[in-house]
Amino acid sequence: MDDKKILLTGDRPTGRLHLGHYVGSLRNRVELQKREDIDKFFIMIADTQALTDNYGNPAKVKDNIIQVALDDLACGISKDKACIFIQSQVPELFELTCYFLDLVTVSRLERNPTVKNEIQQKGFEESIPAGFLTYPVSQASDILAFDTDIVPVGEDQAPMIEQTNEIARRFNYLYGDTFKEVKMLLPENRSACRLPGTDGKSKMSKSLNNCIYISDDENTVNQKVKTMFTDPLHLRVEDPGHTDNNPVFIYLDALVKDEDFKMYYSKFANFNQLKEAYEKGGVGDVEIKQFLAKVINNTLSPIRERRKEFEKDISSIYRMLEENSKRASFEASKKVKQVRRHLSVDYFTDYKFIEKQQKAFNKEHRDEENLKAYLAKKK
Ligand code: TRP
């Protein structure tokens with residue numbers, strides 16, 4: 001039995017990637033690519049999906065393809081271990097989406113909690129673009145086209161994985177075994193699953209303007225951390241502080257290592273000690289923010305350096321994306337062939353069927369000849 005796994009994940013190219021992407025996914029990707037039991041690792045730049053709510057501004061999507069590719073590479077994704085490709089350049093994905101759309105009802109699409117949320121956020125309630133409502137189906141194609149086993153993503157993608165598996169099951173039920181069910185892989189650290197924004201809002205998101213970007217420089221990080229939301233009830237240093245829903249603590253939980261305490265904050269040995277002290281009272285917000293800024297900058301500093309190197313040769317990154325997209329298209333075409341067979345749209349390769357039809361036509365012709373001969377004799 002072949003235990004090697006196929007992994008696929010993706011990002012919408014609507015901006016540079018941020019700390020939420022980093023702790024929720026990118027950091028994991030870098031670890032995953034080292035694993036021996038990985039057969040293929042696809043990282044998709046989801047431009048088609050980005051267009052479902054950015055169709056009014058395609059230039060923005062185009063601009064950000066390179067930003068996302070640079071962020072992946074800067075974080076340490078290896079060109080040899082992972083295939084970073086562009087969704088729109090793999091036509092097989094569009095074809096699968098079309099077939100899958102027949103297997104999903106509009107009411108099911110309207111129940112997808114992530115999409116529902118986004119529709120509200122974007123004020124689409126009155127007129128939802130059909131492409132937006134159906135993007136989970138397109139995402140199912142992204143995943144199923146490559147025989148994916150594992151999808152490493154953040155928590156907000158759970159409804160997409162669920163819908164993907166529903167589509168896989170329905171297809172298999174109607175047409176025979178074709179697709180594997182996939183598993184999603186969440187980050188182990190709970191805080192990393194859904195990083196809030198610097199303003200304390202539930203999600204770090206470009207559209208909410210509450211992000212720390214992976215490529216932010218040291219000063220920008222310092223500034224952003226300084227103005228971060230903390231515990232609104234923690235007015236004086238001596239007051240007991242709350243660490244739940246406190247983004248400074250959530251970021252620390254997601255990022256900090258014991259070494260960081262040794263290096264920058266030796267008053268405490270580890271995160272739990274700091275947390276206890278803050279909850280008791282006596283630890284100031286300014287102090288923990290300064291610590292957090294150091295931790296973030298320490299994490300991002302080698303990433304910034306690598307990014308600068310990659311930025312020197314942009315055309316080679318486009319060449320890599322082109323080659324990888326071709327490879328992805330080749331991989332997906334294997335699955336699409338099977339799907340075409342199951343859906344009886346394999347007209348030009350089903351030779352047996354053509355032969356059978358020919359025989360049936362021949363028989364009809366013969367019958368007619370016989371009839372003519374019979375009638376001729378009767379006269
Ligand atoms: N929906 C994902 C996001 O918003 C991006 C994405 C598109 C994706 N296709 C995918 C993620 C396939 C994992 C697998 O971040």
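User: What makes a residue part of the lining of the largest pocket, and which ones lie nearest its centre?
Analyst: Happy to walk through it: 50 residues line the largest pocket, with H21, E118, D156, Q157 and K203 nearest its centre. They count as lining because each has an atom within 4 Å of a pocket point; the points come from a 1 Å grid over the protein atoms alone, where a pocket is an open set with protein on both sides within 12 Å along at least five of seven lines. This is a predicted model, where local features need pLDDT of at least 70 and side-chain atom pairs need 80 or more, while totals for chains, interfaces and linings use all residues. Residues are numbered from 1 along each chain as its sequence is written, and side-chain values use heavy atoms, with hydrogens and water left out.

User: Which elements give two or more residues to that lining?
Analyst: They are β1, α1 (19-32), α2 (47-54), α6 (113-121), α8, β4 (150-152) and α10 (190-193). These names follow DSSP runs numbered from the N terminus (helices are H or I, at least four residues; strands are E, at least two).

User: How do you know how much space lies in the largest pocket?
Analyst: The value is about 1300 Å³, a volume being the space filled by probe spheres set on the grid points, which are joined across faces, edges and corners.

User: What takes up space in the largest pocket?
Analyst: The ligand does. A molecule sits in a pocket if more than half of its atoms lie within 2 Å of the grid points, so the ligand qualifies.

User: Why are some residues said to surround the ligand, and how many are there?
Analyst: There are 13, and the closest are M44, Q49, Q139, D142 and Q157. Each is near the ligand because one of its heavy atoms lies within 4 Å. β1 (5-11) and α8 (135-144) each supply at least two residues of this shell.

User: What makes the approach of Q49 to the ligand a polar contact?
Analyst: A ligand nitrogen is 2.8 Å from an N or O atom in the side chain of Q49. A polar contact is a pair of N or O atoms within 3.5 Å, so this pair passes. The side chain of D142 has an N or O atom 2.9 Å from a ligand nitrogen, and for Q139 the value is 3.0 Å. The protein also covers 90% of the 370 Å² of accessible area that the ligand has on its own.

User: How much space lies in the second largest pocket, and which element gives the largest share of its lining?
Analyst: About 340 Å³ lies there, and α1 gives the largest share of the lining, 6 residues. Of its 17 lining residues, R27, N28, E31, E188 and N189 lie nearest the centre.

Conventions:
A polar contact is a pair of N or O atoms within 3.5 Å; within protein, one must be able to donate a hydrogen and the other to accept it, and residues adjacent in sequence count only if both atoms are side-chain atoms. Accessible areas come from the Shrake-Rupley method with a 1.4 Å probe; for residues, only the protein chains shown count as cover. On a 1 Å grid over the protein atoms alone, a cavity is a set of points where a 1.4 Å probe fits but cannot get out, and a pocket is an open set with protein on both sides within 12 Å along at least five of seven lines; lining residues have an atom within 4 Å of a point.
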